[in-house]
Amino acid sequence: MQNQNDQSRMDKIVSLAKRRGFIFQSSEIYGGLNGFWDYGPLGVALKRNLKDAWWHDMVSGHDELATLAGAPAPYEMTGLDCTIIMHPQVWKCSGHFDLFHDWMIDCRESKRRYRYDHLHGRWAAHRGKKVFVTTDASGDEAAPETVARAQKFFGLRAKQIDEIEWGGGLESLQQAIAAGAATLADTLGPDATAPGTLTEPREFNLMFETRIGALAGDDDDRAFLRPETAQGIFVNFKNVLDTSRVRVPFGIAQVGKSFRNEITPRNFTFRSREFEQMEIEFFCPPAASAEWYRYWRDRRWRWYLDLGLTEGKLQLREHAADELSHYSVGTADIEYAFPFLGPGEFGELEGIAHRGDFDLRSHMEGKLVRQDGALVLETGADGKPRHKGSGKDLSYFDDITRERYVPHVIEPSAGADRATLAFLCDAYHEDEVPDEDGKPRSRTVMKLHPRLAPVKAAILPLVKKDGMPEVAIELYRKLKPHMACQYDEKGSVGRRYARQDEAGTPWCLTIDGQTLTDRTITLRDRDSLVQERLPLDEVVDMLRDRLR
Ligand code: GAP
């Protein structure tokens with residue numbers, strides 16, 4: 001159940017995100033578009049810093065000569081940037097065409113559509129009349145919502161609520177129906193006034209479809225927007241191998257947009273229809289794959305901690321066998337306790353999956369299925385492959401061991417928007433600071449890691465005269481080539497600090513009367529509020545060091 005404070009905290013974060021230009025609803029002047037979000041001036045810088053940090057730490061800054069802590073061997077990292085629309089066969093062989101779906105359910109009365117697994121309900125009875133009352137609300141709101149709906153259904157006044165007899169706690173509608181504990185005929189839909197208006201659940205493929213070419217019409221022109229960036233990497237495996245002289249083990253990284261026609265996008269940017277992924281496909285010898293899986297799981301976990309996410313709000317969760325995707329032989333999720341979730345609930349930031357040789361084999365042989373624990377080619381009634389592969393040889397020949405094999409894949413797959421949201425939520429703090437007269441003033445401060453902060457430093461002349469702006473502008477021009485900084489001379493210095501605190505700027509540099517005599521400035525630290533006096537001519541180098 002969600003905690004009231006956490007919901008109001010989430011509301012404040014969403015409101016700050018809009019007010020300060022981190023995140024806006026897409027096409028807002030036309031009423032918005034559900035599941036699509038735009039990043040404003042501060043948001044685009046935050047998300048870019050996050051993606052740059054990921055690319056630097058995983059790819060461009062990687063030391064391929066060293067054996068990193070926990071890694072079984074040295075390895076190389078390289079990158080790709082693939083198209084969003086790919087050959088339709090890619091999605092047939094990957095399994096997305098047949099399997100990438102959710103179950104949805106429609107309401108004939110309200111005309112609303114729900115994700116089947118998002119509906120929860122419970123039996124309610126009053127004077128011999130019984131109904132299975134459902135809701136699509138989550139967390140704290142779900143149980144009170146069913147009470148209000150039952151009250152309305154039975155036509156009761158508020159003081160009669162206690163007359164309702166409840167047949168137990170909330171349970172998943174999907175599970176209640178599967179277990180025979182409820183039927184659709186008895187079920188009161190989340191927005192219906194009478195039972196029996198929900199349709200039978202139907203499968204809904206989450207891939208966005210499009211058509212290629214001006215004369216598009218028949219089925220051959222059908223194409224899909226990629227629902228993950230991973231497949232572009234698999235189909236280019238041979239190209240990378242042949243052109244860049246990498247040797248297994250090595251990883252290919254890609255950052256880019258993915259699209260999923262989510263039935264019920266929700267929770268701000270958490271479940272969007274257009275989002276960005278940061279994925280690595282790491283190719284390794286099968287015998288060492290379990291060790292590489294553990295390495296990547298732990299490495300990715302540490303990355304979030306190093307960038308400042310609160311450890312107590314992060315969880316590393318190994319999937320149970322029945323939760324694993326059709327391709328996976330082991331998966332762990334890195335999850336964050338988002339404020340829109342109930343206590344003890346976590347939302348996925350990143351999955352680290354051991355995908356075995358499923359992907360490369362699928363693109364060689366055709367769509368694979370698991371049979372008696374082994375991956376075999378799926379065939380139709382005619383004995384032919386259900387979806388034919390490329391027929392290209394995607395195996396690897398190790399010229400040192402003289403072995404040929406299909407590499408196994410470890411995939412750390414992160415969401416750039418989810419991580420941005422987690423860092424925004426984690427950074428949000430309210431505290432009290434003394435104002436210019438020493439009186440406590442409440443402030444909202446975004447405690448973002450300096451590497452992620454959209455603006456690293458603000459340069460503030462104490463007053464707009466006496467030569468202070470000139471010195472401040474000189475400092476601004478020296479610092480700007482090295483990091484994002486802002487010059488601000490408008491309003492009292494307290495108001496300017498407050499503006500920078502809300503934007504998450506870690507350092508404010510103030511030019512005052514003393515600067516003019518001894519060429520020192522004050523550096524105010526956003527989090528500790530400590531003010532240091534520093535030589536003006538050394539500040540640029542000092543901040544560059546701190547950022548490193
Ligand atoms: N290639 C594997 C893959 O795509 P996934 O768990 O479906 O795995 C990976 O997605 C990550 O992408 C998730 O952990 C999440 O961070 C992000 N993601 C997935 N669906 C999303 C959505 N609808 N909105 C925002 N981010 C999403």
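**Exercise 1. The three-stranded sheet**

In this predicted model, work out the strand order and the pairing of the open sheet formed by 3 strands.

*Solution.* Start with the order, which runs 5-4-11. The pairing in this sheet is antiparallel. Next, find the edges: strand 5 (113-115) and strand 11 (202-205) each pair on one side only. From one strand to the next, the twist averages 45°. Now zoom in on one pair. Strand 4 (residues 101-106) meets strand 5 in the antiparallel sense, over 3 bridges. To see the register, pick out I105, which stands opposite Y114 in strand 5.

**Exercise 2. The seven-stranded sheet**

Trace the open sheet of 7 strands and say which strands lie at its edges.

*Solution.* Step one is the order: 3-14-15-23-18-17-16, with mixed pairing. Step two is the edges, where strand 3 (76-79) and strand 16 (314-318) each have a partner on one side only. Step three is the geometry: neighbouring strands here are turned by 20° against each other on average, direction ignored. Step four looks at one end of the order. Strand 3 pairs with strand 14 (residues 250-259) in the parallel sense over 4 bridges. Within that pair, T78 stands opposite I252 of strand 14.

**Exercise 3. The ligand and its shell**

Describe what surrounds the ligand, beginning with the parts of the chain that supply the shell.

*Solution.* First, look for strands that give at least two residues each to the shell: these are strand 15 (274-284), strand 18 (347-356) and strand 23 (408-415). Strand 18 makes the largest contribution, with 5 residues. You have already met these three strands in the order of the seven-stranded sheet.

Second, sort the shell by character. It divides into 4 nonpolar, 5 polar and 10 charged residues. Of the 19 residues around the ligand, those that come nearest are E228, R260, S272, E279 and E348.

Third, go through some individual polar atom pairs:

- R260 has a polar side-chain atom 2.8 Å from an oxygen atom of the ligand.
- E262 has a side-chain N or O atom 2.9 Å from a nitrogen atom of the ligand.
- Q277 has a side-chain N or O atom 3.0 Å from an oxygen atom of the ligand.

Finally, consider how much of the ligand is covered. Taken alone, the ligand exposes 560 Å², and the protein buries 90% of that.

**Exercise 4. Helix 10**

Is helix 10 (residues 358-365) mostly covered or mostly open, and which of its residues are buried?

*Solution.* Count first: 7 of the 8 residues in helix 10 are buried, and the helix is mostly covered. Then name them: F358, D359, L360, R361, S362, H363 and M364. A helix reminder is handy here: an α-helix has 3.6 residues a turn, so residues three or four places apart point the same way. To finish, step just past the end of helix 10, where G366 takes a positive phi of about 125°.

**Exercise 5. Unusual backbone angles**

Find the cis peptide bond between V248 and P249, and the places of R127 and R245, two residues with positive phi that are not glycines.

*Solution.* Keep the background in mind: most residues other than glycine have a negative phi, and most peptide bonds are trans.

Begin with the peptide bond. V248 and P249 are joined in cis, with omega about 10°. P249 is in the loop between helix 8 (237-244) and strand 14.

Stay in that loop for R245, which also lies between helix 8 and strand 14. Phi of R245 is positive, about 60°. R245 is exposed, with a relative accessible area of 75%.

Now move to R127, in the loop between strand 6 (120-126) and strand 7 (129-135). Its phi is positive too, at about 45°. With a relative accessible area of 68%, R127 counts as exposed, because the cut-off for exposed is over 50%.

**Exercise 6. The whole chain**

How many helices and strands does the protein chain have, and what share of its residues counts as buried?

*Solution.* The chain has 15 helices and 30 strands. Of its 548 residues, 51% count as buried. For the overall dimensions, take the C-alpha atoms along the principal axes: they fill a box of roughly 90 × 80 × 50 Å.

Notes:
Residues are numbered from 1 along each chain as its sequence is written. This is a predicted model: local features need pLDDT of at least 70, side-chain atom pairs count only at pLDDT 80 or more; totals for chains, interfaces and linings use all residues. Side-chain values use heavy atoms; hydrogens and water are left out. Two strands pair if DSSP finds at least two bridges between them. Axes are lines fitted to C-alpha atoms, for helices over the stretch in contact, and angles run from 0 to 180 degrees between N-to-C directions. A residue is near a molecule or strand if one of its heavy atoms lies within 4 Å of it. A polar contact is a pair of N or O atoms within 3.5 Å; within protein, one must be able to donate a hydrogen and the other to accept it, and residues adjacent in sequence count only if both atoms are side-chain atoms. Accessible areas come from the Shrake-Rupley method with a 1.4 Å probe; for residues, only the protein chains shown count as cover. Ala, Val, Leu, Ile, Met, Phe, Trp, Tyr, Cys and Pro count as nonpolar, Asp, Glu, Lys and Arg as charged, and the others, Gly among them, as polar. Buried means under 20% relative accessible area, exposed over 50%, partly exposed in between (1.4 Å probe, protein chains only).
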